[in-house]
2 protein chains.
Amino acid sequence: MARQASDVEVTRQVLASAVAEHRPEALARALRSLPPADAARVLDSLTPFDLGALVTLLGEAQLAELLENMAAMDAAALIVKLGRAQAADVHEHMAPDDAADVVEELNPLQGEAILVAMDAPEAAEVRALLAYPADSAAGLMTQEMVTVSPELTAEEALAAIRRVAREVETIYYVYVTDEDDRLLGVLSLRELVLAPPETPVGELAHRDLITVRAEADQEVAARLLADRGLLAIPVVDEHDRLLGIVTADDAADVLEEEATEDIERLGGSEPLERPYLRTSVRTLVWKRVRWLLVLFVAEAYTGSVLRHYEDTLAAAVSLAFFIPLLIGTGGNTGSQITTTLTRALAVGDVRFGDLLRVLRKELAAAVVLGAIMALATVLRAWTLGVDVQIGMVVAITAASIVVWSAAVAAVLPLVLRRFGIDPAVVSAPLITTVVDGTGLIIYFSVANWLLGL
Amino acid sequence: MARQASDVEVTRQVLASAVAEHRPEALARALRSLPPADAARVLDSLTPFDLGALVTLLGEAQLAELLENMAAMDAAALIVKLGRAQAADVHEHMAPDDAADVVEELNPLQGEAILVAMDAPEAAEVRALLAYPADSAAGLMTQEMVTVSPELTAEEALAAIRRVAREVETIYYVYVTDEDDRLLGVLSLRELVLAPPETPVGELAHRDLITVRAEADQEVAARLLADRGLLAIPVVDEHDRLLGIVTADDAADVLEEEATEDIERLGGSEPLERPYLRTSVRTLVWKRVRWLLVLFVAEAYTGSVLRHYEDTLAAAVSLAFFIPLLIGTGGNTGSQITTTLTRALAVGDVRFGDLLRVLRKELAAAVVLGAIMALATVLRAWTLGVDVQIGMVVAITAASIVVWSAAVAAVLPLVLRRFGIDPAVVSAPLITTVVDGTGLIIYFSVANWLLGL
């Protein structure tokens, strides 16, 4: 799997000779043998002239199939290198949902130019999808599905499928709708194949449907598909009219994308929105500097805390030895909890209603972990050769910081989620920062109390 | 989507009345209306006696379908509550890959008892899957696919599919194999439906196949399925013999699972391996304490650094004010980079060969970010009212720490991946810890040099 950059080079040469020798099949095979991201890289490295020649040889339908599997951004980068007529032809051959994604990546003028040059029915389908937010269920759907009316027999339905099979995205589910397009039921091609030929599909169809509303978040649709192991899920409007379907291949992409965004947020950065190597230095800086500054301002508070306890610190400089260790341990505890809970919220394992259960569990774990870390700090104080009293201050602080940090880290993600804020903003760096200042207050309060300063 | 706990209660009551009134269809509908995890919770809350009655009414096939969509652990928890004969019946009705996953969750004696009670052919299929590691492609596969020999016509192949449709996991791909089970090609049910009835399938089949080897990591198979938008991928042995197929519904689960593990590691914890609420306090402590102690030992080094610079610190106590701020900023920078790169490696956007590109990009971003953070620290030093010289020390340190942290965080994940170590172990806490000690050395070296201490 771990392809090296040289594979891309080899494929480029294979492509070049396939173009030179006019062998469209070898060309298609070479491109399909690559992961879509690599195929995008190879095609992107061609000059517009060579790319045009390649598309002519390959045919628009074959290219459309390749582009459907690429990231929309990569596909858009290739589309702009084609002539307008060729670009429009390729778009006509693409599934409308994928075509709409590509148009969204283009600048509005380029997108409009391509839509105008497309055949009217295909262009209308793409325009209909563009009307929905890109991250809604409707933004993800295709309108190319098989619909039949309930009076058709199984045999007639199969004949109908055969007629439209080339046009639709999946023939594996058949949707039964009434004359107002309202969704009555669904049955799989497999059930249709197995049914007695004379049975009306209205009798065969399942009526307890899992559907998703057009305006629902794309993640909701994707997670339903994945959790239920479905190949497609129907998208309906508020009157239960069938608007389209979201297919499983799009769902996997959405779930990957959402996991990537969560991970980037948990690391304390805004999501990059595009593959790392295609992100400019400027964007990297922009996505990161905001959080770095927010965290800096929050962390700056530690300076005030330390200045406040300047006399304590001057009286016992060895207290300073343990500052990074203590606040680090608090940050680590908090970061373990907050990342675990953020993910559990994202996949639906935990909900706001579980708050008390979560808090009880985390506090119980924190008491044990706090005791272990207190012991560890005593050992460390002993090896650093500081006063026994300082060692006691450090140990008590370690245990308290672990428990305090656990409480904050357990409550914060669930409460944020309750208020509709993505809990992934409670990143490891954020929880560390929150615990740093409060941890220092705990440290010096314990020190003043025990050392009598 | 955000179902409340009370929904579970309502469904429990619906189930109870459906059982009492002997209405198996209402029962099946109520259970199917729930997300699989909730259905598991509801069923788990029944007594073994009630569960047995429910299964008898519902039928083993219906229950098998429900269990297939549940997490294997949840399904196993239900299976152990059934009588041995009933458990074996349910296993016979499950897809062998899902049945094997459940058996793996049971204790070996229970698992063996169920396998012995199953019909021989079904038991043999499950045993064959158990022979492969659970996290390999083969561990994920089902052997229930449609295979045909190349001489069959399209029409004969369709008839063959109709005969086996009830037994197989997917009829949407048809695999063409020779007499030694070697995989020759594949064609979709859609292509078969559209083909002229008399054409031999050997001519229709695609021969440039995407396959996966039995011993490949399950993540490789899952990512291929998702990237190519396939419904299933064939699993072959070293002689290209078809062993089974991995279907798209399993792929989505694997990718979710792998993302969860990565996120938990990035938070500085061992992966929990089961849903959060089902994880005991003891397991939480065990998964976390190892990393907490490793990080503690690594962080303990900061105590030695600070003791080494005790005189500098005593001479200028205000230097201590900035310790959390400076090492915090270094940790934040590192954590942003390492989480982004770990994810980019996981989804295949970045490889070891990109090391120099990544390093160049990150250093360029770090120089800009370092300058911004230096400015921020100067402002903070001014508001804290410390000496101008201390302010300069802090600013130079801030810029240096950001660049240093970026270099470490950019290189470490790629190098670890190169040596086959999961880069997610370079968690936000780990990179923070690494940067803490070295950051302090930078800080006090700059201080000694500029302040002439």
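At what angle do H20(A) and helix H21 (residues 355-384) of chain A pack, and how far apart are their axes? Keep that question for the third stop. This model is predicted.

**Stop 1: chain A alone**

Show chain A and hide the rest. Colour by secondary structure. Chain A holds 23 helices and 6 strands. Now turn the chain and look at its extent. Its C-alpha trace spans about 90 × 55 × 35 Å along the principal axes. The radius of gyration of chain A is 30 Å, whereas a compact globule of 453 residues would have one near 22 Å.

**Stop 2: a pair of helices early in chain A**

Select residues 36-44 of chain A, which form helix H3. Add residues 72-79 of chain A, helix H6. The two pack at an angle of about 20°, and their axes are 10 Å apart. That angle makes H3(A) roughly parallel to H6(A), because angles under 35 degrees count as roughly parallel. Their crossing is left-handed.

Show the side chains next. From H3(A), pick A:Ala37, A:Ala40, A:Leu43 and A:Asp44. They meet A:Asp74, A:Ala77 and A:Leu78 in H6(A). This contact has 5 nonpolar residues, 2 charged ones and no polar ones.

**Stop 3: H20 and H21 of chain A**

Select residues 323-346 of chain A for helix H20. Then add residues 355-384 of chain A for helix H21. Here is the answer to the opening question: the angle is about 155°, and the axes lie 12 Å apart. H20(A) and H21(A) are therefore roughly antiparallel. H20(A) passes H21(A) in a right-handed crossing.

Display these side chains as sticks:

- In H20(A): A:Leu325, A:Thr329, A:Thr333, A:Ile337 and A:Leu341.
- In H21(A): A:Val358, A:Glu362, A:Ala366, A:Leu369, A:Met373 and A:Arg380.

Sorted by type, the contact of H20(A) with H21(A) has 7 nonpolar, 2 polar and 2 charged residues.

**Stop 4: bring in chain B**

Show both chains. How many residues does each chain give to the contact? Chain A gives 108 residues and chain B gives 108 residues. Keep H20(A) highlighted. With 16 residues, H20(A) gives the most to the side of chain A that touches chain B. Colour that whole side by residue type: 59 residues are nonpolar, 24 polar and 25 charged.

**Stop 5: across the interface**

Keep H21(A) and select residues 281-308 of chain B, which form helix H17. The angle between H21(A) and H17(B) is about 30°, with the axes 10 Å apart. H21(A) and H17(B) are therefore roughly parallel to each other. Their crossing is right-handed.

Zoom in on the side chains. On H21(A), the contact residues include A:Lys361, A:Ala364, A:Val368, A:Ile372 and A:Leu384. On H17(B), they include B:Val281, B:Leu284, B:Arg288, B:Phe296 and B:Gly303. The contact of H21(A) with H17(B) divides into 16 nonpolar, 1 polar and 4 charged residues. Look for A:Leu369, A:Met373 and A:Arg380 too. These residues of H21(A) take part in the contact with H17(B), and they also meet H20(A).

**Stop 6: the whole pair**

Zoom out until both chains fit. What rotation superposes chain A on chain B? A rotation of 180° does it, with 0.0 Å of shift along its axis and an RMSD of 0.1 Å. That is the relation of a two-fold axis. The same surface serves both copies, as 100% of the contact residues of chain A recur in chain B.

Methods
Residues numbered from 1 in each chain as written. Chains lettered and ligands numbered in written order. Predicted model: local features only at pLDDT ≥ 70, side-chain atom pairs only at ≥ 80, totals over all residues. Contact = placed C-beta atoms within 7 Å. Helix = DSSP H or I, 4+ residues; strand = E, 2+ residues; numbered from the N terminus. Nonpolar A, V, L, I, M, F, W, Y, C, P; charged D, E, K, R; others polar. Axes fitted to C-alpha atoms, helices over the stretch in contact; angles between N-to-C directions. Parallel < 35°, antiparallel > 145°, perpendicular 65-115°, else oblique. Left-handed = near helix turned anticlockwise from the far one by under 90°. Least-squares fit on C-alpha atoms with pLDDT ≥ 70 in both. Rg over C-alpha atoms; globule rule 2.2 N^0.38 Å.
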